[in-house]
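Trainee: I've got a model open and I'd like to check how its labels are earned. Can we go through them together?

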Amino acid sequence: MTKQQMLNDLKKECEKCQVCEIGKCRTNLVFGSGNPDTARIVLIGEAPGEQEDLQGIPFVGKAGQFMNEYLEKAEIDRKKDLYIINTLKCRPFLIKNPQKGIKSNRPPKREEKLACEAFMLKQIEIINPKLIILCGNNALKSLCGSKYTITNVHGKLANLEYKGRKAIAIYHPSYLISYAHSEVKNQEFLEDLKYIKSLVD
Ligand code: URA
């Protein structure tokens with residue numbers, strides 16, 4: 001069985017999952033994107049937002065556009081080098097305006113992360129990447145435990161790993177977009193991505 005076939009089977013299983021409320025009212029499952037045969041890196045984000053839910057693809061909204069710009073600057077090819085997933089496959093949301101049906105994003109709940117965890121771990125095992133990128137605190141803590149914080153470990157190989165595979169944390173683009181004095185942090189984000197590129201080349 002090829003990696004793609006194994007992922008297709010897992011996706012079918014994931015599509016049936018209705019453990020959480022958000023699984024019952026999603027527009028689309030956001031399973032993952034990338035080429036499992038060429039991806040040397042699995043990048044793990046937090047959870048789908050509005051655009052991701054509408055399109056069924058991770059990182060296609062504002063945060064995704066920001067990330068694409070910096071991946072390009074670091075000469076990392078999103079389609080070839082990365083397989084992108086999230087800790088949650090469905091959009092966690094709050095109803096902001098019930099009359100107009102307007103939703104806003106919210107952080108994943110602990111029980112949602114637990115319900116989705118097995119799918120994320122299986123994706124990593126199937127793709128078997130050389131390196132895992134943990135994008136943001138949520139992904140970092142989900143895979144490596146709560147003793148780490150992005151501010152302390154971003155861009156360092158530190159002791160992060162998952163089942164013998166090296167992992168490295170980076171800032172979440174949504175954090176950088178909302179950060180008031182972001183130029184320094186943006187530069188750090190770029191340096192971290194360039195370092196990642198050097199690790200897999
Ligand atoms: N933020 C994430 O963490 N993941 C996405 O897919 C989009 C935005």
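Trainee: What makes the pair formed by an oxygen atom of the ligand and a polar backbone atom of E46 a polar contact?

Mentor: Keep in mind that this is a predicted model. The two atoms are 2.6 Å apart, and the cut-off for a pair of N or O atoms is 3.5 Å, so the pair counts. A47 passes as well: one of its backbone N or O atoms is 3.2 Å from a nitrogen atom of the ligand. With H172 the side chain takes part, placing a polar atom 2.8 Å from a ligand oxygen.

Trainee: How much of the ligand's accessible area does the protein cover?

Mentor: The ligand has 230 Å² on its own, and the protein covers 93% of that. Around the ligand you'll find G45, E46, A47, E52, P58, F59, N86 and H172.

Trainee: N86 also belongs to strand β3. Why is β3 called largely enclosed?

Mentor: Count its residues: five of the five in 82–86 are buried, so the rest of the structure largely encloses the strand. Buried means under 20% relative accessible area. Both faces are covered, with L82, I84 and N86 buried on one side and Y83 and I85 on the other. That split fits a general pattern: side chains in a regular strand alternate between the two faces of the sheet.

Trainee: How do you know that β1 and β2 pair with β3?

Mentor: Pairing needs at least two bridges. Strand β1 (residues 33–34) has two to β3, running antiparallel, so that pair qualifies. Strand β2 (residues 41–45) is joined to β3 by five, running parallel, so it qualifies too. I84 turns up in both pairings: S33 stands opposite I84, and L43 has I84 as its bridge partner.

Trainee: Now the cysteines. How many disulfides does a search of the whole structure find?

Mentor: Zero. Take C25: the nearest cysteine sulfur belongs to C90 and is 8.6 Å away. The limit is 2.5 Å, so C25 has no partner. C135 is in no disulfide either, with the nearest cysteine sulfur, that of C144, 14 Å away.

Trainee: Are C25 and C135 buried or exposed?

Mentor: C25 has a relative accessible area of 34%, so it is called partly exposed, since that label sits between 20% and 50%. C135 is at 0%, so it counts as buried.

Note on methods
Residues numbered from 1 in each chain as written. Predicted model: local features only at pLDDT ≥ 70, side-chain atom pairs only at ≥ 80, totals over all residues. Heavy atoms only, no water. Buried < 20%, exposed > 50% of the residue type's maximum accessible area, 1.4 Å probe, protein only. Helix = DSSP H or I, 4+ residues; strand = E, 2+ residues; numbered from the N terminus. Near = heavy atom within 4 Å. Polar contact = N/O pair within 3.5 Å; in protein donor to acceptor, adjacent residues only side chain to side chain. Areas by Shrake-Rupley, 256 points an atom, 1.4 Å probe, with all protein chains shown as cover.
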